[in-house]
Amino acid sequence: MLSSRYFLFTLTLSVLLELKATDTDEEINKNDISKIEWTDMDHALNGEIVKPIFVFIHKSWCQACTNLKSSLDQSLKFKELSELFHMINYQDDEEPKDKIYTPDGNYIPRIFFLNSSGGLHYDIYNENGNSKYKYFYSNANQVVRSMEKAIETFYTNEENNDEITDYENLEDDYESGLDEDLSLSDDDESAFLHEDL
């Protein structure tokens with residue numbers, strides 16, 4: 001009697017530990033780009049801090065996705081620029097079903113840039129990539145170029161409406177609140193709001 005209880009206890013414990021390890025492995029796989037503060041769309045749209053939105057769609061089984069994540073993890077510039085965005089990471093079944101995220105196909109990985117209201121900017125894409133798959137990125141340098149374009153698009157100086165080009169000091173100004181003239185431009189007509197669809 002004691003041995004059957006011990007066996008059931010051991011079996012149950014083994015199953016629970018295996019389930020916990022699987023959950024942990026999936027979480028590590030999703031967040032294997034270190035020093036990035038990932039959030040969700042609800043927080044990005046409704047949080048206190050107003051920033052443009054970076055959306056990364058990928059699959060855990062995809063080798064191109066794994067290669068891109070590895071390249072991003074090694075890029076200091078990517079990590080610095082990421083602080084200027086709400087970073088959203090959709091993996092596997094978390095991928096949004098909204099058609100706005102498949103403008104030229106359902107390939108992976110895909111990266112999109114949205115304004116602070118959730119309006120997707122189709123004009124920010126991998127300009128050095130394949131024109132048939134505009135939102136596909138294969139390395140961090142391509143992503144950084146698009147992030148810089150997004151910063152030029154979304155961050156403006158309210159006094160004279162000029163683009164901010166001093167990226168080196170932008171992060172410090174944004175975090176410390178010293179530059180009160182810094183704001184986001186959400187009135188761009190090329191943005192498509194979720195409510196409009």
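Author: Before we start, a contact here means heavy atoms within 4.5 Å. This is a predicted model, where local features need pLDDT of at least 70, side-chain atom pairs count only at pLDDT 80 or more, and totals for chains, interfaces and linings use all residues. Residues are numbered from 1 along each chain as its sequence is written, and side-chain values use heavy atoms, with hydrogens and water left out.

Reader: Thanks! How many helices and strands are there in the protein?

Author: You'll find six helices and six strands; these are DSSP runs numbered from the N terminus (helices H or I, at least four residues; strands E, at least two).

Reader: And what order do the strands of the open sheet take?

Author: Four strands form it, in the order 1-3-2-4, with mixed pairing. Two strands pair if DSSP finds at least two bridges between them.

Reader: Which are the edge strands?

Author: Strand 1 (38-39) and strand 4 (110-114), since each pairs on one side only.

Reader: How do strand 2 and strand 4 pair?

Author: They are antiparallel, with five bridges, and strand 2 covers residues 53-58. I57 stands opposite R110 in strand 4.

Reader: Cool. What does helix 5 lie across?

Author: Helix 5 (residues 140-154) lies across strand 2 and strand 4, at about 15° to strand 4. Axes are lines fitted to C-alpha atoms, for helices over the stretch in contact, and angles run from 0 to 180 degrees between N-to-C directions.

Reader: And helix 3?

Author: Helix 3 (residues 63-73) lies across strand 2, strand 3 (86-91) and strand 4, running at about 140° to strand 2.
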